[in-house]
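Reader: Could you walk me through this one, feature by feature? I'd like the general idea, then the case at hand.

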Amino acid sequence: MGAGYDKDAVRDVLDKALAEGRDSLTAPEGRRVCEAYGIPTPGEGLASTADDAVRLAAELGGKVVLKIVSPDILHKTEAGGVKVGVSGDDAVRAAFDEIIANAKVYKADADIDGVQVQQMLAGGQEVIIGATTDPTFGKVVVFGLGGVLVEVLKDVTFRLAPVDAETAHSMLDGIQAAEVLKGARGAEPADADALAEIITRLSDLVTDFPRIREFDLNPVFARPDGASAADVRILLDAEEPTEPVRYSQEEILATMNRMMRPNAVAVIGASAENGKIGNSVMKNLINGGYAGEIYPINPKADEILGKKAYKSIRDVPGEVDVAVFAVPAKFVPQALREVGEKNVPAAVLIPSGFGETGNHELQDEIVKIGRELGVRLLGPNIYGYYYTPQNLCATFCTPYDVKGGVALTSQSGGIGMAILGFARTTKTGVSAIVGLGNKSDLDEDDLLTYFEQDDDTKVVAMHLEDLKDGRAFVEAAQRITKKKPVVVLKAGRTAMGARAAGSHTGALAGDDKVYDDILRQSGVVRAYSLNDMLEFARGVPVLPAPKGENVVIITGAGGSGVLLSDAVVDNGMSLMEIPPDLDEAFRKFIPPFGAAGNPIDITGGEPPSTYEATIRLGLEDDRIHALILGYWHTIVTPPMVFAELTARVVAEFREKGIEKPVVASLAGDTEVEEASTYLYDHGVVAYPYTTEKPVAVLGAKYRWARGAGLV
């Protein structure tokens, strides 16, 4: 990146400001930075006196804007340091004097460089283009509606920097007011290419110069013939930002393969005493059917649960692939050193008493030991982990043996156990359940890297409270989501960022919107409740990927049809506009008092043959891409009759190679529960007593398929 950019000019400006101990640039310095990267700004000059201001205003012509220039006054409007639309010598002179006087009242000891006299931009839509340094994701670019109401309206969208032209254009479409820029109510559309170019240039700039902490261009006037930034605000970091420790995919897989598919497991702190964590871990490993070697480590025992015990892991003959820790926190560092000396690549740290209790020193110590000796750490403060393809139950919680393709992870032990219970109750087969706890080392991107190439995992669902390295997560997620869905439940989404922000961009980035946009950019499906995360993980792999956006509702109840339609819109899908020939085809099967169109209301009194005929038509017509069925309980078509005929027809079409996602909402007495279970077991995602859930699962499938480029 950077062809045609004058990096030396930017470096000179930044070095001067940093050498003077400043954390912000003045407006003229900001303009020089913009010029160096080809970001258009209006003509301007710096006036030291009122006479200078009059001369500059005459040179620029027309109306001008006057702004205070002071490294000590960031919020110019608040200080009474801005005058807009000034024309004529007397007015310019008066505005200059008033701005200087206001600045001295606002901050008596402010260092004042002068007053910036700037050509006034007229016309066009005011937008904001900016960048900030997010603690999770690093450099993030923002675009949205600008002007003085930007923090009130918050109609903005975020992307990781650097962005290319295609991503920049997607930002223009990513705000609620996108139609305004396209020329609403007969207005000429804004120059989208000019805006996209400013976005890409600004993103290149903050990528090239990491010391730029926050960058505002607000407002940028977007016109039909171009765009120009009327105001520039640039804040700097006093120190060079530090890069997180990162491992290559090969390094991650080398560790994860041995941890998830170990030939030998050592239990540090194994115990023969019931009720001890070290006893529960041993029992789960043995009773769970793990076929590899199990080595109990306990200096006071010769044998534990029929296994020879060792005083130290150093005494174990042969290699050990993973060590599970079940000792108090204070004993972890020494035991971890012994694990490292034994060349064990992974340590699973169940004990609590580290960073989560404020004991950051102890956590820092074990991280240092792990890095020094080449041991990757899972935890601490976790329930352990399950990996069913190996019958591996390395946890002190209840065993789990319902095998399948869903990998589930959580930062919280309580959430982990909720995951376990849901999976067992719903017979959701899992490949893995992994606790992450404090994430001192191993985290979500390590797990995604493993699950990406794990043939036993078909979908990944993750509960997380934060991301340690947002960029590494995005890179891993973008790779895996091209092949497998990833569902993320981000906890704490209502908490505003606590850090102080010196710019509009920085203030806006304190919001959950950053996570929302960047998770979408990474291809993951976001869930907003624990139940949604679990239902998406269960249902998304059951449904085939849709091949287009045309969704059709077939319902026996008009009321359900309306609610299902609402749910379709809420979940970002489109109801198909039924063409006349298809409308006529459906009408052949429904009574005159029913309703074609979409939803197709076959009415409640219809026999099984009507359900079957309309479902068949929905599956065989290539223009229809997904079906939502609304059933209600009648004696004419009982629940299990509906379930069996639906499953049979869907299976028949799938055998012919016609695979479309089909979901169902069942309203009725308690028999609809059994019918829903039967449908789910036969490839139709179905729920009793709700119109929202089946459509939400279909919406999740659509979001993944769009991100993966399948729709």
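Author: What follows is a short tour, going from the overall build to single residues. This is a predicted model, where local features need pLDDT of at least 70 and side-chain atom pairs count only at pLDDT 80 or more, while totals for chains, interfaces and linings use all residues. Residues are numbered from 1 along each chain as its sequence is written, and side-chain values use heavy atoms, with hydrogens and water left out.

Reader: How many helices and strands are there in the chain?

Author: Helices (H or I, at least four residues) and strands (E, at least two) are DSSP runs, numbered from the N terminus. Here the chain has 24 helices and 30 strands. Its C-alpha trace spans about 90 × 80 × 40 Å along the principal axes.

Reader: And what percentage of the residues in the chain is buried?

Author: Buried means under 20% relative accessible area, exposed over 50%, and partly exposed in between (1.4 Å probe, protein chains only). Of the 711 residues in the chain, 56% are buried. Take Leu 448 as a case: this residue sits in helix H14 and is buried at 0% relative accessible area. Leu 448 is also 7.0 Å from Ile 480, C-alpha to C-alpha, with their positions 32 residues apart in sequence.

Reader: On to the cysteines. How many disulfides does the count come to?

Author: The rule asks for a pair of cysteine sulfur atoms within 2.5 Å. By that rule you get 0 disulfides. Cys 393 shows how a candidate fails: its closest cysteine sulfur belongs to Cys 397, 8.6 Å away, which is too far for a bond. Cys 393 is buried, at 3% relative accessible area. Cys 34 is buried too, at 0%.

Reader: How many salt bridges are there, and where should I start?

Author: A salt bridge needs a side-chain nitrogen of Lys or Arg within 4 Å of a carboxyl oxygen of Asp or Glu. The count comes to 54. Start with Asp 8 and Arg 11, whose side chains meet at 3.0 Å, N to O. They are 3 residues apart in helix H1 (residues 7–19), so about one helical turn separates them. Asp 8 is exposed at 51%, and Arg 11 is partly exposed at 37%.

Reader: What separates Glu 59 and Arg 55 in helix H3?

Author: About one helical turn, because the two are 4 residues apart in H3 (residues 50–60). Their salt bridge is 3.3 Å, N to O. Glu 59 is exposed, with 57% relative accessible area, and Arg 55 is partly exposed, with 43%.

Reader: Which parts does the pair of Arg 258 and Glu 319 tie together?

Author: Their side chains form a salt bridge of 3.9 Å, N to O. Arg 258 lies in helix H9 (residues 249–260) and Glu 319 in the loop between S14 and strand S15 (322–325), so the pair ties together parts 61 residues apart in sequence. Arg 258 is partly exposed at 24%, whereas Glu 319 is exposed at 63%. Elsewhere, salt bridges with shared partners link Asp 512, Lys 513, Asp 516, Asp 517, Arg 520 and Arg 526 into one network.

Reader: Anything odd in the backbone?

Author: Most residues other than glycine have a negative phi, and most peptide bonds are trans. Leu 305 has a positive phi, near 50 degrees, in the loop between strand S13 (303–304) and strand S14 (307–308). Leu 305 is partly exposed at 38%. Lys 439 also has a positive phi, about 50 degrees, and sits in the loop between strand S21 (430–435) and helix H14 (444–452).

Reader: Is Lys 439 buried or exposed?

Author: Buried, at 4% relative accessibility.

Reader: Which peptide bonds are cis?

Author: One is Gly 379 to Pro 380, with omega near 0 degrees. Pro 380 falls in the loop between strand S17 (376–378) and strand S18 (384–387). Another is Asn 598 to Pro 599, with omega near 10 degrees, and Pro 599 is in the loop between helix H20 (580–587) and strand S27 (600–601).
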